[in-house]
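User: I'm new to reading structures and would like to learn how the words used for them are justified. Could you take me through this one?

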Amino acid sequence: MCGIVGYIGNAPEEHLLHGLEVLEYRGYDSAGIAVIHHGKMSIYKEIGRVANLKGKVIETEEFGAGIAHTRWATHGKVSLQNAHPQLSQNKDIAVVHNGIIENYNLLKEQLLKNGVKFDGDTDSEVIAKLFKDNLSIQTLKEVIDRLEGSYATLVVSKNENRIYFARNKLPLYLTKTSQSIILASDPMCFINQSKDYYDIGDGEYGYADLNSIKIYKNDQCVRKKKNKISFNIKTLANKEFNHYMLKEIYQSKDALINILENYKKKKIIKILNHIASIDTDKIYLIGCGTAYHAGLIGKTYLKKYLKKEVECVLASEFIYQNNIITNKTLCIFISQSGETADTILALKHSQKFGAKTVCITNVTYSSLATLADFTLPIYAGVERAVASTKAYFAQCIILYILARKMAGRRYLANIKKFLHEIDFSDDSLIQKLATMIYSKREIFFIGKSVDFITCEEASLKLKEISYINSQAFACGELKHGTLALIDNKKLIIVIATQSQLLNKVLSSASEIKSRGGQLVLFTPLSLTPQIKKIFKVIIPIKQAEEDFMPLQTILPLQKLAYFTAVKKGNDPDMPRNLAKSVTVE
Ligand code: M6R
């Protein structure tokens with residue numbers, strides 16, 4: 001995780017701060033900048049958000065070079081000492097780093113033996129301390145040759161207006177305009193500055209200044225093609241809503257409109273046809289967190305329409321499970337960011353065994369998209385809030401399309417119909433429920449079949465931003481242990497969208513009620529007054545076609561998590577300890 005940015009040109013402080021704001025989704029434990037003007041290096045660091053740093057930095061219009069970092073702590077607590085940039089022993093060289101140096105303990109021991117003093121506890125500081133007193137392409141190479149692990153790193157010395165860089169496994173991009181050089185973890189930083197950029201590859205390193213850009217791999221100069229900037233930053237502004245999360249929940253509908261528009265285009269249909277023509281005897285769906293839950297929904301579609309062996313696996317577990325992968329296996333990787341380290345590792349692992357790979361992502365220039373055989377974009381637009389909402393919605397729709405397409409069925413008309421049925425539920429009802437639950441220490445969700453998947457996603461969303469411990473259970477499992485947790489302080493949210501399963505769900509609800517638990521129901525079904533009496537609150541959901549009910553149902557549940565977090569005074573967009581893009585294993 002962590003975001004890094006480098007800049008050479010006029011007003012470097014302003015550009016670096018702007019870069020950090022764009023990259024803040026990658027971590028917000030601390031932020032820092034090193035800027036060089038006329039052979040003098042200034043360092044600024046602050047704990048927490050970039051906004052905290054912004055107030056401290058003295059901005060100049062002058063020409064200069066600098067590097068900056070927004071941190072998601074992996075090694076070492078959140079402190080000023082551990083904030084980047086990290087400095088060399090003589091303080092002339094500054095380093096920012098995204099990634100994990102796995103052999104840092106060994107390197108640190110060697111440096112300590114040689115009398116080098118450390119200021120903090122990060123693995124990144126080792127990189128800075130490995131530089132003695134001079135920075136050149138040779139010393140950079142010598143340093144990176146000693147590193148094991150993952151890194152995208154930028155290095156500056158106070159003696160020159162040049163940025164040195166190196167990458168292994170983590171993204172790093174570079175662009176040059178007539179008056180500036182910019183390096184960043186995400187080419188989003190280049191929007192409105194440049195029309196194209198270089199994607200620095202694994203194992204590549206080099207330097208850039210206003211006169212030249214040199215990129216090397218294994219001591220050889222590398223010539224690289226430029227990529228066009230074909231994405232925009234339109235959705236980054238957030239005027240009408242207090243938080244990105246709420247805005248993005250509503251943007252699920254826009255995602256659906258974009259999907260309808262793009263999934264009838266020849267380019268996409270060609271990709272779908274290719275995937276549908278793959279001779280496969282086993283399908284894996286792989287993702288993390290919310291993307292994994294989208295995979296579980298996708299599994300229900302694929303099994304229903306394709307009637308094939310389908311398994312959905314957590315990306316972080318995939319390579320450790322002795323999964324059977326052959327050249328007849330189709331692996332579908334789901335990732336909003338396309339940069340999730342566990343998902344990328346799982347993809348590389350499956351490719352080693354000859355599997356065909358498809359990636360369903362929001363970021364078509366991401367590492368995952370670059371590695372996969374086929375990419376299906378989700379067209380959700382930039383998702384800023386750490387809690388994934390519209391991306392989940394769009395991922396499920398793409399999985400529906402894929403399942404229908406692979407089964408030789410049409411999909412657009414059904415999606416179009418759903419577009420008119422989408423309902424975001426009454427805010428005031430959900431806000432009332434949020435008021436009821438925000439002081440609870442624990443909430444349970446129960447459901448059956450596909451509703452159990454919705455429970456899992458709703459539970460993740462709630463705990464992620466409200467910090468209330470929440471758990472999802474399949475109704476039938478209650479009596480196998482969970483029921484022991486129920487007392488008159490417990491609140492249980494029941495999700496029941498399938499009429500054929502209602503009686504079974506009601507039996508579980510009654511078992512909870514008999515033990516004093518308070519029940520809340522989310523349902524599109526009409527109920528008798530007798531049944532209604534079981535529940536303290538009933539949130540009605542608008543009926544839609546069966547395949548789309550998990551999507552219709554998650555909308556009010558995402559809002560419940562949002563309003564609960566706001567009621568607790570939490571920032572729903574940037575929950576504690578988390579980051580949007582999880583680029584470490
Ligand atoms: O970018 P990805 O979709 O690969 O991210 C996967 C998870 O980290 C992500 O869905 C996470 O669980 C969300 N913050 C949940 O809201």
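User: What makes α13 and α19 count as being in contact?

Analyst: Tyr392, Phe393, Cys396 and Ile397 of α13 meet Leu551, Ile554, Leu555 and Gln558 of α19. The word contact is used when heavy atoms lie within 4.5 Å. Keep in mind that this is a predicted model.

User: Why is α13 called roughly antiparallel to α19?

Analyst: Look at the angle: the axes of α13 (residues 390–406) and α19 (residues 549–567) cross at roughly 170° and come within 11 Å. Angles over 145 degrees count as roughly antiparallel, so α13 is roughly antiparallel to α19.

User: How are the residues of that contact divided into nonpolar, polar and charged?

Analyst: Seven are nonpolar, one is polar and none is charged. Tyr and Cys count as nonpolar here, which may be good to remember.

User: And why is α9 described as roughly antiparallel to α16?

Analyst: You can use the same kind of reasoning. Helix α9 (residues 289–306) packs against helix α16 (residues 450–466) at about 170°, with the axes 10 Å apart. The cut-off is over 145 degrees, and therefore α9 is roughly antiparallel to α16.

User: Which residues make the contact between α9 and α16?

Analyst: From α9 come Gly289, Thr290, His293, Leu296, Ile297 and Thr300, and from α16 come Val450, Ile453, Glu456, Glu457, Leu460 and Lys461. The contact of α9 with α16 has five nonpolar, four polar and three charged residues.

User: What makes glutamate 464 a polar contact of the ligand?

Analyst: A polar side-chain atom of glutamate 464 is 2.5 Å from a nitrogen atom of the ligand. A polar contact needs a pair of N or O atoms within 3.5 Å, so this pair qualifies. Lysine 461 also has a polar side-chain atom 2.9 Å from an oxygen atom of the ligand. For glutamine 336, a backbone N or O atom lies 2.6 Å from a ligand oxygen atom.

User: How much of the ligand does the protein cover?

Analyst: On its own the ligand has 410 Å² of accessible area, and the protein covers 90% of that. Around the ligand are 15 residues, with Ser335, Gln336, Ser337, Thr340 and Glu464 the closest.

User: How do you know that the peptide bond from histidine 84 to proline 85 is cis?

Analyst: Its omega is near 0°. You'll find proline 85 in the loop between β4 (63–71) and β5 (86–87).

Terms used:
Residues are numbered from 1 along each chain as its sequence is written. This is a predicted model: local features need pLDDT of at least 70, side-chain atom pairs count only at pLDDT 80 or more; totals for chains, interfaces and linings use all residues. Side-chain values use heavy atoms; hydrogens and water are left out. Axes are lines fitted to C-alpha atoms, for helices over the stretch in contact, and angles run from 0 to 180 degrees between N-to-C directions. Helices (H or I, at least four residues) and strands (E, at least two) are DSSP runs, numbered from the N terminus. Angles under 35 degrees count as roughly parallel, over 145 as roughly antiparallel, 65 to 115 as roughly perpendicular and the rest as oblique. A residue is near a molecule or strand if one of its heavy atoms lies within 4 Å of it. A polar contact is a pair of N or O atoms within 3.5 Å; within protein, one must be able to donate a hydrogen and the other to accept it, and residues adjacent in sequence count only if both atoms are side-chain atoms. Accessible areas come from the Shrake-Rupley method with a 1.4 Å probe; for residues, only the protein chains shown count as cover.
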